[in-house]
Amino acid sequence: MSRAKPSFLNPATKSYNAIINRLSTAGAFCDVLLTYSSMLSTDTPPDAHTFPSLLKACTSLDLFSHGLSFHQRVIVDGYSSDSYIATSLINFYSKFGHNQNARKVFDTMGDRNVVPWTTMIGCYTRAGEHDVAFSMYNIMRRQGIQPSSVTMLGLLSGVLELVHLQCLHACVIQYGFGSDVALANSMLNVYCKCGRVEDAQALFELMDGRDVISWNSLVSGYAQLGNIREVLQLLIRMKTDGIEPDQQTFGSLVSAAAMQSKLGVGKMVHGHILRAGLEQDSHIETSLIGMYLKCGNVNSAFRIFEGMMHKDVISWTAMISGLVQNDCADMAVTVFRRMLKSRVMPSTATIASVLAACAELGSFPLGTSVHGYILRQRIKLDIPSQNSLVTMYAKCGHLEQSCSVFDRMSRRDIVSWNAIVSGHAQNGHLCKALLLFNEMRKTRQRPDSITVVSLLQACASIGALHQGKWIHNFVTKSCLGPCILIDTALVDMYSKCGDLGSAQKCFDRMPQQDLVSWSSIIAGYGSHGKGETALRMYSDFLHTGIQPNHVIYLSILSACSHNGLVDQGLSFFHSMTKDFGIEPRLEHRACIVDLLSRAGRVEEAYSFYKRMFPEPSMDVLGILLDACRTTGNVELGDIVAREIVILKPANAGNYVQLAHSYASMKRWDGVGEVWTQMKSLHLKKLPGWSFIELHGTITTFFTDHSSHPQFEEIMLVLKILGSEMRKVGIHDIP
């Protein structure tokens, strides 16, 4: 190919260049390439002014191979040394992520002004190579080339550290760019991202010309901190200065209200949005849905969602995830089905949310249905959605599938390990959970509070004191404390394992105690026969000034019930409403029935039941029936038994309880009737059972069963122990 002649010798080239440049300026990049094709078909040679527009078109249309061919033509035609073309090539390669090629073009340039330097610095900034970008900036300055405002903007877009921002701020002032609004807005934004909103405010106040972006940057900064008061004040100032808030302004306001769960403020902002006529903006609608759901107002969120003209994947996902967070998992699944019917392809975030809904419902069929959809659609899952899949199978009790998903994960984060460890712990497989915990540590993944708490809860549920102590030792050695979640879990574990001394020590060492930690220690003393200590701890709790809630009242009422503290229990029950305005729930009322029944005051317990339970409760009637049998109150026992029969329970245990009650009253006709009814309903009562934990493994024993593989050895040991106990004077054994 012959070298093109200079354009001043070819008027046709000038004409084509004018058309190409005009089309490029208008953004008609396809037409740019078509015009170039026509140019070649007429044997009109391109020149140095042609290629920059062509390279820009390739960048915009994502045509990398075409750009390469233009670069080859540039070399062949001898335009490699043209600084304008070289800068266009640097920009072309950098946009496609080919930084090495961009650098080669840059290094071969003879004469470099601020433009290629700026382009190259922007190239490294976009690639996240901030150190290299700053290094090039310093080299440029040493070579005597003064940066432009565009150079500074390029550097600012990649700043992550406050010290770099402060240096650039000084350079902006030094080179006289202080009045550049775009630069000032960029610095405002970065100051806010670095958490220095007060510095952003100071810069904002010094700005002469503030536009809506300036205001939005500062509003966004305060919104990220949840400082609603300052955000609202800025909104008032903004209107006073004659700047009308736009979608971004209101989006930040809604986010701030959501962050602080301020429903009243959120509704006020919603009113402003309606008055501004921006309610149809999809971004604002989605933000409002998120805000209402975060504030627990599901109905308002649904009204906005249903009124949306165009629901995209983001709005569907916001609705589904918000419903899951509001314990409306069944509604979340329904919305997901509607999403699929509307032909909107779910994102991985949508998948993670709907799997969380299936986990909350404990629905294995729904969970596997979603998994099947993922496989059919060949959706490539990211780590968070894979974690949701692991959790879903674990929550549904299918650990084999949970492990299968976990094992196939190419990359795992802390959430992945927490999901599989807690899944085994919550399903009673403490030994496997601890093995996985050790595997996690071998991968150099540092366990966090969630990992430790799930293991401690598992230890508490089966009374595994030895393993609980081992985890406590790990917490101490790993310096995971102080952490209120871990400290409370330790108090709960030691309490449930019967080691009240260690529970109290852990409680006393806590830098601060919350309602949950106080409830745990009070419940621990109450359930282990230390009622007076539980009352003293409750008294200490009241002196802290923390407002009690329904959980701590359940702990103290249960302590009174288990320790025969009738008068104190009744006093606490009345104090709930009178002193703290807490409406007693079913479990609190059931505690009082149990309290009175254990004290032998069955008539009073039944009277309380009839007065305080608008709806019949099978469990509470069962408490009363047992109390009648214990105290020999045949007349009341017969009344309670009739009430249970009317309810037609579906639990075999209730019928067995009735049969025992009738038998104690020598009502053999009643016994026969109960057994007949139980058989007609095909109900069978599970035999009584208990379990022991040894080295993290749970062994279960059933009444009158000899199926255990070591049954004979166990019975032999029991006989030996019984004999030894009698020798030392202990005779109250079966």
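These exchanges ask why parts of this predicted model carry the labels they do.

Me: Why is Val 717 called partly exposed?
Reply: Its relative accessible area is 46%. Buried means under 20% and exposed means over 50%. Val 717 lies in between, so partly exposed is the label.

Me: What makes Val 717 eligible for a surface patch?
Reply: Patch residues need over 30% relative accessible area. Val 717 has 46%, so it passes that cut-off. The nonpolar patch covers about 520 Å² and is made by Met 715, Val 717, Leu 718, Leu 721, Met 725 and Val 728. Val 717 itself sits in helix α41 (residues 711–727).

Me: Why is the pair of Phe 305 and Trp 316 called edge-to-face?
Reply: A search of the whole structure finds 25 aromatic pairs. In this one, the ring centres are 5.0 Å apart, and the planes meet at 80 degrees. Pairing needs centres within 6.5 Å, and edge-to-face needs planes over 60 degrees apart. Both conditions hold, so the name fits.

Me: How do you know that this pair links distant parts of the chain?
Reply: Phe 305 is in helix α18 (residues 298–307), whereas Trp 316 is in helix α19 (residues 313–325). They are 11 residues apart. Phe 305 and Trp 316 are both buried.

Me: What makes Leu 323 stand out in the largest nonpolar core?
Reply: The core has 210 residues, and Met 319, Leu 323 and Ile 521 touch the most other members. Helix α27 (residues 449–462) gives the most to this core, with eight residues. Beyond four places away in sequence, Leu 323 touches residues including Leu 293, Phe 302 and Val 335.

How values were computed:
Residues are numbered from 1 along each chain as its sequence is written. This is a predicted model: local features need pLDDT of at least 70, side-chain atom pairs count only at pLDDT 80 or more; totals for chains, interfaces and linings use all residues. Side-chain values use heavy atoms; hydrogens and water are left out. Patches are made of residues with over 30% relative accessible area and no salt bridge: like charges are joined within 9 Å, nonpolar side chains (Val, Leu, Ile, Met, Phe, Trp, Tyr) within 5 Å. Accessible areas come from the Shrake-Rupley method with a 1.4 Å probe; for residues, only the protein chains shown count as cover. A salt bridge is a side-chain nitrogen of Lys or Arg within 4 Å of a carboxyl oxygen of Asp or Glu. Helices (H or I, at least four residues) and strands (E, at least two) are DSSP runs, numbered from the N terminus. Buried means under 20% relative accessible area, exposed over 50%, partly exposed in between (1.4 Å probe, protein chains only). A nonpolar core is a set of buried Ala, Val, Leu, Ile, Met, Phe, Trp, Tyr and Cys residues joined through side-chain atoms within 4.5 Å. Contact means heavy atoms within 4.5 Å. Rings of Phe, Tyr and Trp (its six-membered ring) pair if their centres lie within 6.5 Å; planes under 30 degrees apart count as stacked, over 60 as edge-to-face and the rest as tilted.
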